[in-house]
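Please open the structure in your viewer and keep the selection panel at hand. The tour below goes from one selection to the next and says at each stop what is there.

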Number of protein chains: 2
Amino acid sequence: MINELVSKIKQLEAPIVVGLDPMLSYVPEQVKEKAFLEHGETLKGAGEAIVAYNTAIIDAIHDLVPAVKPQIAMYEQFGIEGLIAFQKTCDYAKSKGLVVIGDIKRGDIGSTSEAYAIGHVGKAKVGTKEYSSFSEDFITLNPYMGSDSILPFVKVCKEEKKGVFVLVKTSNPSSGEFQDRIIDGRPLYEWVGEKVNEWGSDFMGDEYSYVGAVVGATYPEMARVLRNVMPKAFILVPGYGAQGGAGKDLKDFFNQDGLGAIVNSSRGIIAAYKQEKYAKFGAENFAEASRQAVLDMKEDLKQAWVK
Amino acid sequence: MINELVSKIKQLEAPIVVGLDPMLSYVPEQVKEKAFLEHGETLKGAGEAIVAYNTAIIDAIHDLVPAVKPQIAMYEQFGIEGLIAFQKTCDYAKSKGLVVIGDIKRGDIGSTSEAYAIGHVGKAKVGTKEYSSFSEDFITLNPYMGSDSILPFVKVCKEEKKGVFVLVKTSNPSSGEFQDRIIDGRPLYEWVGEKVNEWGSDFMGDEYSYVGAVVGATYPEMARVLRNVMPKAFILVPGYGAQGGAGKDLKDFFNQDGLGAIVNSSRGIIAAYKQEKYAKFGAENFAEASRQAVLDMKEDLKQAWVK
């Protein structure tokens, strides 16, 4: 799956992942009204509004980008109905040829991590039968609990040829509270980066490892060091656009081959129609506004990866 | 809710939480057969088998313990049907008067953490309506991303009078990989413990804070320091029993008032019938075996908290 991601990035010249993180406030009124008319102002109504919104955006952008990243929290907030919307979104994106990165930030120990892995990237055994549930291609993981918490995911991913992105340096303002603390002369995030490199060293695709890392666009000065610490890890880069990162600042996330990073934009693309820049599309053409925002992002990012 | 937890612990003399972390292999054959007969060897069949198993255990132990802790990963592995089983388990436990601690180990940034909080301890707004979904009383959180990732949960919990337990020092063998690293002379887990104390300082119940901590029973020597660093944080203690901790080793988790900690046992109670010690109950009386295991644990723990 890492090979497929790399080859799609090359083919489309777009190291871009669109974050499908819908807040109900992003969903245009006409989409919500239609869903609420059918299902009422219910959790199912919310879920169906989100699916309709995501479907239109996926239709508008699937030929431009290699991947989407649904953030499961935005679905989990609506309980079971929200998680049904998450699953429908993943399934629809895959049916359109997109790589699906589940932003789930899970992590637990031993058999518990394995259970998460089974639910998201593996197969559950029930008696003599096997079932896939959420079925993402990649998932994000939290490393606080150490190797015990990551390796069960790696084990399942090896069986399924799927991959993970481990949080190393996150994009939020307080990420430094623990991640930047100095241990034996180097910040914690570097030590985590070293482990990411180690976890991925025997799980390689053709050029990059199935074990990637999350490093925020808001901390480009740290990307240079981390790029060297984990040369074979693909870096998932959140924090572009709405959170402050810009294309020209992202050079150090990429290797000399122009690869090695995939940049996420969520609100900046899925709610583009709400920005002044794309206001001319209007709420009725929200998906076309998203398409234009992807094209603009693709141009902006060339400053980062075209060597 | 922290006051309710404390008062139930006092009344029952049982600082015990039963971890409802069902593996299908724990569920006795007769329970599985019944569910599979009705629903087939399907994800729904798995979910219903787990609900039947949990229900019998809750019926057998609800008058002995203040709380249960369903581990969501064990349900999430079966996708939507598994999560329906999670919700049914939480709802049933609450209907029997138990405090429900959702072991979800979530954590993300800003509005994303808030979305998780809404789904698990808050209310989702859909148009003019509001809905609770999973509706736990407490949830566990991962602190790697810093204050940004915890405070949105605290905000929702304040509105709902619910609480959190933040991972400080986890019970697994590799927890030290990052958590034990020394920063300015003190291990990372102590710095996290200080933050837990800070996050909880303005969100107090009568005696203890709504912001608690997770500290593994397998590391009792660290509990003494952490107990002082966060005197008002209730400590959720995993790793008792099957993972190696014993009652006599847990003294330092408790304050002088005999309170301040609640010890989790999962497999040791819910799969007690599989142990030689409880084999006389037989698989058909698995719930009675669980009840006896709780009674034995209650006795064992007195060595820790009776001063």
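Across the interface of chain A and chain B, in what is a predicted model, the rule finds 8 salt bridges. For a first stop, select B:Arg181 together with A:Asp184, whose side chains meet in a salt bridge with a distance of 3.4 Å from N to O. If you widen the view to polar contacts in general, the count between chain A and chain B is 35 residue pairs, both residues having pLDDT 80 or more. Next, colour helix α6 of chain A, residues 110-121, which gives the most to the side of chain A that touches chain B, with 7 residues. Sorted by class, that side of chain A has 35 nonpolar, 23 polar and 13 charged residues.

Now select the whole contact, to which chain A gives 71 residues and chain B gives 71 residues. The two chains bury about 5800 Å² between them, and 61% of it is on carbon and sulfur atoms. On the side of chain A, pick out A:Glu41, A:Tyr144 and A:Phe178, which lose the most area to chain B and together make up 16% of what that side buries.

How do the two copies relate to each other when chain A is laid on chain B? A turn of 180° with a shift of 0.0 Å along the axis lays chain A on chain B with an RMSD of 0.0 Å, and the two copies are thus related as by a two-fold rotation axis. Because 100% of the interface residues of chain A are also interface residues in chain B, the copies meet through the same surface.

Stay at the interface and select A:Asp108 and B:Lys105, whose side chains meet in a salt bridge at 2.7 Å from N to O. A:Asp108 lies in the loop between β3 and α6 of chain A, while B:Lys105 lies in strand β3 of chain B, so the pair joins two chains. Are these two partners buried or exposed? A:Asp108 is buried, with a relative accessible area of 3%, and B:Lys105 is buried as well, at 8%.

Moving within chain B, select B:Lys169 and B:Asp180, which form a salt bridge with their closest N and O atoms 2.7 Å apart. B:Lys169 belongs to strand β7 and B:Asp180 to the loop between α8 and β8 of chain B, so the pair ties together parts that are 11 residues apart in sequence. B:Lys169 counts as buried at 0% relative accessibility, whereas B:Asp180 is partly exposed at 26%. Then select A:Lys69, A:Asp103, A:Lys105 and B:Asp108, which are joined into one network by salt bridges that share partners.

Over all chains the count comes to 50 salt bridges, and one of them, within chain A, links A:Asp63 and A:Arg291 at 2.8 Å from N to O. A:Asp63 sits in the loop between α3 and β2 and A:Arg291 in helix α12, so this pair ties together parts that are 228 residues apart in sequence.

The last stops concern the backbone. Most residues other than glycine have a negative phi. Select A:Glu13, in the loop between α1 and β1 of chain A, where phi has a positive value near 50°. Finally, select A:Lys161, in the loop between α7 and β7 of chain A, whose phi is also positive, near 55°. A:Glu13 counts as partly exposed at 38% relative accessibility, while A:Lys161 is exposed at 54%.

How values were computed: Residues numbered from 1 in each chain as written. Chains lettered and ligands numbered in written order. Predicted model: local features only at pLDDT ≥ 70, side-chain atom pairs only at ≥ 80, totals over all residues. Heavy atoms only, no water. Contact = heavy atoms within 4.5 Å. Buried area = accessible area lost by both parts, 1.4 Å probe. Salt bridge = Lys/Arg side-chain N within 4 Å of Asp/Glu carboxyl O. Polar contact = N/O pair within 3.5 Å; in protein donor to acceptor, adjacent residues only side chain to side chain. Helix = DSSP H or I, 4+ residues; strand = E, 2+ residues; numbered from the N terminus. Nonpolar A, V, L, I, M, F, W, Y, C, P; charged D, E, K, R; others polar. Least-squares fit on C-alpha atoms with pLDDT ≥ 70 in both. Buried < 20%, exposed > 50% of the residue type's maximum accessible area, 1.4 Å probe, protein only.
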